[in-house]
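Work through the following exercises with the coordinates loaded. Each task is followed by its solution.

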Amino acid sequence: MSKEKSGIGHEPIYDAKKLGASKTLLLGAQHMFAMFGATVLVPVLTGLSVSTTLLFAGVGTLLFHLLAKGKVPAFLGSSFAFLAGYWAIAPGKEPELLPYACFGVACSGILYFILSALIKIFGSNKVMKFFPPIVTGPIIIAIGLNLSQSAIDNCSADWFIALVAIGVIIICNIWGKGMIRIIPILLGVVVSYTAAALMGNVDFTAVREAAWLGSPIEWRRTVFALFPGADTSLLITSAITIVPIALATMVEHIGDVSAISSTVGVNYMKDPGLHRTLFGDGAATMLASLFGGPANTTYGENTGVLTLTKVYDPMVIRLAAVFAILFSFCPKIAALIGCMPAATMGGVSLVLYGMISAVGVRNIVETHVDFTKNRNVIIAALILVLSIGINYSSLGAITFTVGATAISLSGLATGSLVGILLNAILPGKDYEYNEDTPDDTGVNFEV
């Protein structure tokens, strides 16, 4: 591996043995700390289990490292992109509907496997031309805008507490240094949560009553608990609604692996190969979803820690995964997170959902999509109007019947499918993906 000097005057470390056990453990804990706030926010927003989320963030990361030959220093945490899918299937966080949403997310893992196989067979340059920024960019924009209403609803519970969270995130992002700038979500949650507690707006009864040790998996929350007797129509609707979201998260994955490659100075798109990293991400997402956890994705926060520390040994990331697994067996931590005020969640998610749409815009801008071409204008226009219009219309979804099975297509699913189809049919494709020069595409759903 390359041993170029870093910008701050010391040599990057590729072997954690040089650091010694104590420093290696400390760095592993730092990586867990970096991912923690964003990872646990997803189950809080969706109603999924915090403990299960932490468990499969750790297990999924270890599985990813195994499938990627242990070469890529990436951590897999909860994906925000799938929030729209969970709320489309279980809008009120209904416990009986969440496993159906998890089934749809698990099916999205199959899309990762298919893309991985196609890249292995045909090469990434040929495959990625079917998923250009003119398709993925508007989809990402629509994901954030479709989530915006829930953020405002949560903020309205207590605008002061929400504004505290928003203010901390902005300050950390703009003026923060080092780790402060890497963990703005966590700090926003902690400061806002503390303010709410000091004002007497938090009930800690559940924390006092929770045990110190317990199982992170509840069978009734898993996909397996649906069978036998599952609602076939709802299973199909969930899959069709949620799977298209994976188009955005796969682009996010490519952006993150590109960013890690640029940070470390090693082209991971070539070795171990994009097909392996995609397969690992999809396998981690499928495994987590089947057991009631949220979808996984490679985390930009941990890439930030790599940049900060200049320690690139994947072993440090694997230690963070082990720490996440250990934390998952403490119900008291899950209860503490579960007591988070709605306004705190609203303030954090208001920034986050806006950032999701913003990175969609950034993706379009940085890849120089040509909007003087009518084909590009038409594709983007139909994706945005269908995705957002159907979602906020009186219909809420397009429903049709196949045989005796009723199937519903959400706005996002409809817009995604129309965009992919139009891009494949209309002449004038001009996007060329190049894995030989991995650059950060700007597709990163974390603040």
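**Exercise 1.** Determine whether N302 is buried or exposed, and find its surroundings.

Solution. Step 1: the relative accessible area of N302 is 0%, so N302 is buried (buried means under 20% relative accessible area, exposed over 50%, partly exposed in between, with a 1.4 Å probe and protein chains only). The model is predicted: local features need pLDDT of at least 70 and side-chain atom pairs count only at pLDDT 80 or more, while totals for chains, interfaces and linings use all residues. Residues are numbered from 1 along each chain as its sequence is written, and side-chain values use heavy atoms, with hydrogens and water left out.

Step 2: N302 sits in helix 14, residues 300-309 (helices are DSSP runs of H or I with at least four residues, strands are runs of E with at least two, numbered from the N terminus).

Step 3: leaving aside residues up to four places away in sequence, N302 touches H31, A34, M35 and F75 (contact means heavy atoms within 4.5 Å). For H31, a polar atom of the N302 side chain lies 3.0 Å from the backbone oxygen.

**Exercise 2.** Place A288 in its helix and list what it touches.

Solution. Step 1: A288 belongs to helix 13, residues 269-290. Step 2: its relative accessibility is 1%, so A288 counts as buried. Step 3: beyond four places in sequence, A288 touches F56, G293, P294 and N296. Step 4: T222 is 66 residues from A288 in sequence, and their C-alpha atoms are 9.4 Å apart.

**Exercise 3.** Classify L118 by accessibility and name the nonpolar patch that contains it.

Solution. Step 1: L118 is in helix 4, residues 98-122. Step 2: L118 has 33% relative accessibility and therefore counts as partly exposed. Step 3: together with I110, I114, I121 and F122, L118 forms a nonpolar surface patch of about 470 Å² accessible area (Shrake-Rupley method, 1.4 Å probe; for residues, only the protein chains shown count as cover).

**Exercise 4.** Describe the chain as a whole: how many helices and strands are there, and what is the radius of gyration?

Solution. Step 1: the chain has 19 helices and four strands. Step 2: its radius of gyration is 21 Å, close to the 22 Å that the globule rule gives for 447 residues, so the chain is as compact as a globular protein of that length (taken over C-alpha atoms; the rule is 2.2 Å times the number of residues to the power 0.38). Step 3: 56% of the 447 residues are buried. Step 4: of the contacts with a separation of 6 or more, 84% join residues 24 or more positions apart.

Note on methods:
Patch = residues over 30% accessible without salt bridge, like charges linked within 9 Å, V, L, I, M, F, W, Y side chains within 5 Å. Salt bridge = Lys/Arg side-chain N within 4 Å of Asp/Glu carboxyl O. Polar contact = N/O pair within 3.5 Å; in protein donor to acceptor, adjacent residues only side chain to side chain.
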